[in-house]
Amino acid sequence: MSDNGEYVLYRYSPSIAAAAVTIVVFAVLTGLHAYRMIKTKLWFCIPFTLGGVFELIGYIGRTVGHSSPESLGAYIVQTLFVLVAPALFAASIYMTLGRLIRALHAEPMSVVRVSWLTKIFVCGDVLTFFIQGGGGGVMASHDPDKVKMGENIILGGLFLQIIIFGLFVLASVVFHLRLRKQPSQGAYTGNVKWQKMLLVLYAVSSTILVRNIFRVVEYIGGNDGPLLRVEWPIYVFDALLMATTMAIWFAGYPTMIRPTKTWSSDSESGMQLPETQIGMTTK
């Protein structure tokens with residue numbers, strides 16, 4: 001709020017140079033993700049790629065904010081799209097764990113039934129997406145009371161997202177420990193680079209969690225808080241972390257889950273027979 005009680009869109013002049021560099025980075029990363037997703041036909045990564053598109057649109061909105069700092073439309077675009085993009089990243093991350101468990105034939109190692117695991121986390125993620133989006137919509141008003149209400153709604157969405165991510169990491173760690181203690185047949189074959197994939201899941205979960213914690217602190221401080229009086233925090237604790245998330249995910253991309261042939265012995269004839277199983281290989 002300003003001294004006269006009005007909501008201030010920006011307490012600084014948005015840097016067009018910083019926004020332009022960020023746009024280029026997200027454009028390149030999103031293009032790479034789209035190409036790899038189409039090439040591998042991993043359609044469950046569509047939300048992740050859309051997250052990159054949302055980041056791109058959000059920072060384009062910041063360039064408009066530089067030339068038109070009073071533009072409420074540009075402010076809403078950059079606020080909403082940058083705010084909810086990580087929820088889209090999270091959707092693909094959640095779906096990957098379920099697919100990894102199935103690829104390893106390690107369903108008994110999961111903390112909950114695999115068919116429910118993805119549904120629980122993705123539904124929770126969709127809920128946080130709409131809560132934060134709704135809060136941003138309420139904030140699109142110069143009414144101080146509605147702005148405060150919108151900030152509180154967004155805070156609720158962010159807290160819920162942190163809780164869901166924390167539970168997801170816990171579920172991943174429990175599965176990891178159980179699988180190391182008692183490897184499944186799929187883990188023995190070597191077709192699935194499961195330890196690498198779990199490390200990728202931990203890494204991207206960590207970057208998104210740190211970003212969400214930053215956002216919580218930012219919104220608790222309010223419109224006139226220290227984190228909104230300067231511009232650099234959003235680039236260091238949001239843009240950089242989300243670009244890092246996209247880079248890590250691309251480097252450890254979950255490749256095509258497809259049938260692969262292994263060989264097993266026929267107990268009666270002793271012959272080696274081909275056995276089809278679902279595996280994940282890296283490209």
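**Exercise 1. Classify Arg 62 as buried or exposed, and identify its salt-bridge partner.**

*Solution.* Step 1. In this predicted model, Arg 62 has a relative accessibility of 2%. Because the cut-off for buried is under 20%, Arg 62 counts as buried.

Step 2. The partner of Arg 62 in a salt bridge is Glu 231, with 2.9 Å between the closest N and O atoms. The two residues belong to distant parts of the chain: Arg 62 is in helix H2 (residues 46–67), whereas Glu 231 is in the loop between helix H7 (194–221) and helix H8 (232–251), and 169 residues separate them.

Step 3. Glu 231 has a relative accessibility of 12% and therefore also counts as buried.

**Exercise 2. Determine which residues are linked with Arg 211 in a network of salt bridges.**

*Solution.* Step 1. Arg 211 forms a salt bridge with Asp 238, and their closest N and O atoms are 3.1 Å apart. This pair joins helix H7, which holds Arg 211, to helix H8, which holds Asp 238, across 27 residues of sequence. Both Arg 211 and Asp 238 are buried.

Step 2. A salt bridge also forms between the side chains of Arg 215 and Glu 218, at 2.6 Å from N to O. Both residues lie in helix H7, three residues apart, which is about one turn of the helix. An α-helix has 3.6 residues a turn, so residues three or four places apart point the same way.

Step 3. Consider the accessibility of this second pair. Arg 215 is buried at 6% relative accessibility, and Glu 218 is buried with a relative accessible area of 4%.

Step 4. Arg 211, Arg 215, Glu 218 and Asp 238 are thus linked in a network of salt bridges. The count of salt bridges comes to four.

**Exercise 3. Establish where Leu 83 lies and which residues it contacts beyond its neighbours within four places in sequence.**

*Solution.* Step 1. Leu 83 is located in helix H3. With a relative accessible area of 1%, Leu 83 is buried.

Step 2. Beyond its neighbours within four places in sequence, Leu 83 is in contact with Gln 132, Ile 154, Arg 211, Arg 215 and Tyr 219. Arg 211 and Arg 215 are also members of the salt-bridge network.

Step 3. Now compare sequence and space for another network member. Leu 83 and Asp 238 are 155 residues apart in sequence, while their C-alpha atoms are 9.1 Å apart.

**Exercise 4. Describe the largest nonpolar core and state which helix gives the most to it.**

*Solution.* Step 1. The largest nonpolar core has 53 residues, and Ile 93, Leu 104, Phe 175 and Trp 249 have the most contacts inside it. At least two residues of this core come from each of helix H1 (16–40), H2, helix H3 (72–103), helix H4 (114–139), H5, H7 and H8. H3 gives the most, with 10 residues.

Step 2. Take Ile 93 as an example. Apart from neighbours within four places in sequence, its contacts are Phe 48, Phe 165, Phe 168, Leu 201, Val 204, Ser 205, Ile 208 and Trp 249.

Step 3. Another core, of 16 residues, lies apart from the largest one; Tyr 75, Val 84, Leu 155 and Val 216 are among its members. In soluble globular proteins, nonpolar side chains tend to be buried together.

**Exercise 5. Compare the span of H7 with the expected value, and say what follows this helix.**

*Solution.* Step 1. H7 has 28 residues and reaches 41 Å from its first C-alpha to its last. At 1.5 Å a residue, the expected span is 40 Å, and the value for H7 is close to it.

Step 2. After H7 comes Gly 222, whose phi is positive, near 80°.

**Exercise 6. Classify Leu 240 by accessibility, and name the residues that make a nonpolar surface patch with it.**

*Solution.* Step 1. Leu 240 lies in helix H8. At 49% relative accessibility, Leu 240 counts as partly exposed, because exposed requires over 50%.

Step 2. Together with Val 230, Trp 232, Val 236 and Phe 237, Leu 240 makes a nonpolar surface patch of about 440 Å².

Step 3. For the chain as a whole, the exposed area is about 13100 Å², of which carbon and sulfur atoms supply 68%. Of its 283 residues, 48% count as buried.

Note on methods. Residues are numbered from 1 along each chain as its sequence is written. This is a predicted model: local features need pLDDT of at least 70, side-chain atom pairs count only at pLDDT 80 or more; totals for chains, interfaces and linings use all residues. Side-chain values use heavy atoms; hydrogens and water are left out. Buried means under 20% relative accessible area, exposed over 50%, partly exposed in between (1.4 Å probe, protein chains only). A nonpolar core is a set of buried Ala, Val, Leu, Ile, Met, Phe, Trp, Tyr and Cys residues joined through side-chain atoms within 4.5 Å. Contact means heavy atoms within 4.5 Å. The expected span of a helix is 1.5 Å times one less than its number of residues. Patches are made of residues with over 30% relative accessible area and no salt bridge: like charges are joined within 9 Å, nonpolar side chains (Val, Leu, Ile, Met, Phe, Trp, Tyr) within 5 Å. Accessible areas come from the Shrake-Rupley method with a 1.4 Å probe; for residues, only the protein chains shown count as cover.
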